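Student: I would like a close look at one part of this structure. Please pick a helix and take me through its surroundings step by step.

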Amino acid sequence: MKKNSVHRVLLTLAFAGCFPAMASAGIFDDDEARKAILDLRAKIEALNARLDSRIETKADKSTALDLANENEKLRAELAKLRGQVEVLANDIANTQRRQQDFYVDLDNRIRKLEPKRMVVDGREAVIEPGEERAFESAMNVYKSGDFKAAVNGFSGFLNSYPNSAYAGQAQYWMGNSYLAQRDCKGMIPVMQQLVKAYPDHPKAPEALLNISLCQVELKDKPAAKKTLETIVRDYPNTEAAQAAKSRIGALK
């Protein structure tokens, strides 16, 4: 009977070798996969029982050759089942990996649809994804040098998001888009609106400085001087104020 025990131990160990990696990988969470693997385990246990039965029967009849042939058949069937277990384990691992990728992608998509809390021009604000994309789109057009289209882009943005944290910037860059086209009549009211609506905006002093440039261009020196004096009075500690001081002297 020692021979019976040896064969049984060998088969049991061979089967057990198929599963450690699978267990550690956590692939038995899937009900169908668990059922399939349990079915395979039942088959292998049945093979063990058959092997014991055949070994005992054949030993009694002393037909060693028949015993050896039957043993080989059982080993072949066991090897086939082990192969099926390995394929199943691989399929489950691939499925889990695809599921994980799917959930990561889904989470990223959801995050893209959620508002962001950001700091814009020194202030914390909640920005909608569409709002951010619209502003960036207009800025990209401006950077490309298509200033006429940039005017339309910033104007469209302000119409869609009049209360946006980017509104001040949109107003400023729309004014600069007019200035880049040497359209002072278009630029002045846009910059004036920026200063009126957002007097504390970081771009307000520069907006006034640009207004003064256009007023000089339009031969309206008194208005230009008044604008420069406003910069010095309201924004005394800015670079724009330093520039305004020197330009006031040049206008005399």
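Tutor: Take helix α9, whose buried residues are covered by elements that include α7, α8, α10 and α11. Keep in mind throughout that the model is predicted.

Start with the setting. The protein chain has eleven helices and two strands. Along the sequence they run in the order α-α-α-α-β-β-α-α-α-α-α-α-α. Of its 252 residues, 34% count as buried. Among contacts with a separation of 6 or more, 52% join residues 24 or more positions apart.

Now α9 itself. The helix has 14 residues, and at 1.5 Å a residue they should span 20 Å; the end C-alpha atoms are 20 Å apart, so the expected and modelled spans agree. Buried here means under 20% relative accessible area. Ten of the 14 residues of α9 are buried, and therefore the helix is largely enclosed by the rest of the structure. The buried residues are A204, P205, A207, L208, L209, N210, I211, S212, C214 and Q215. Just after the helix, K219 takes a positive phi of about 65 degrees.

Next, look at what lies against α9. I231 touches P205, L208 and L209, and its other contacts include P236, A240, A241 and A244, leaving aside residues up to four places away in sequence. Follow that list to A244, which sits in helix α11. A244 counts as buried because its relative accessibility is 0%. With the same sequence neighbours left aside, A244 touches L209, L228, I231 and V232. L209 thus appears among the contacts of I231 and also among those of A244. A244 and T227 are 17 residues apart in sequence, and their C-alpha atoms are 8.8 Å apart in space.

This leads to the nonpolar core. In soluble globular proteins, nonpolar side chains tend to be buried together. The largest nonpolar core here has 38 residues, and F135, F154 and I231 have the most contacts inside it. At least two residues of this core come from each of β2 (123-127), α5 (129-144), α6 (147-160), α7 (167-180), α8 (184-197), α9 (204-217), α10 (221-234) and α11 (239-251). The largest share, seven residues, is supplied by α8.

Two of those elements can be followed further. In helix α5 is E132, which is buried because its relative accessible area is 13%. Apart from residues up to four places away in sequence, E132 touches K116, M118, I127 and Y166. β2, in turn, gives three residues to the lining of the largest pocket, the most of any element. That pocket has a volume of about 250 Å³. Its lining has 14 residues, of which D121, R123, A165, Y198 and H201 lie nearest the centre. The elements that give two or more residues to this lining are β2 and α7. By class, the lining has seven nonpolar, three polar and four charged residues.

To return to the helix you asked about: α9 is largely enclosed, since ten of its 14 residues are buried, and α7, α8, α10 and α11 are among the elements that cover them.

Notes: Residues are numbered from 1 along each chain as its sequence is written. This is a predicted model: local features need pLDDT of at least 70, side-chain atom pairs count only at pLDDT 80 or more; totals for chains, interfaces and linings use all residues. Side-chain values use heavy atoms; hydrogens and water are left out. A nonpolar core is a set of buried Ala, Val, Leu, Ile, Met, Phe, Trp, Tyr and Cys residues joined through side-chain atoms within 4.5 Å. Buried means under 20% relative accessible area, exposed over 50%, partly exposed in between (1.4 Å probe, protein chains only). Helices (H or I, at least four residues) and strands (E, at least two) are DSSP runs, numbered from the N terminus. Contact means heavy atoms within 4.5 Å. On a 1 Å grid over the protein atoms alone, a cavity is a set of points where a 1.4 Å probe fits but cannot get out, and a pocket is an open set with protein on both sides within 12 Å along at least five of seven lines; lining residues have an atom within 4 Å of a point. Grid points are joined across faces, edges and corners, and a volume is the space filled by probe spheres set on the points. Ala, Val, Leu, Ile, Met, Phe, Trp, Tyr, Cys and Pro count as nonpolar, Asp, Glu, Lys and Arg as charged, and the others, Gly among them, as polar. The expected span of a helix is 1.5 Å times one less than its number of residues.
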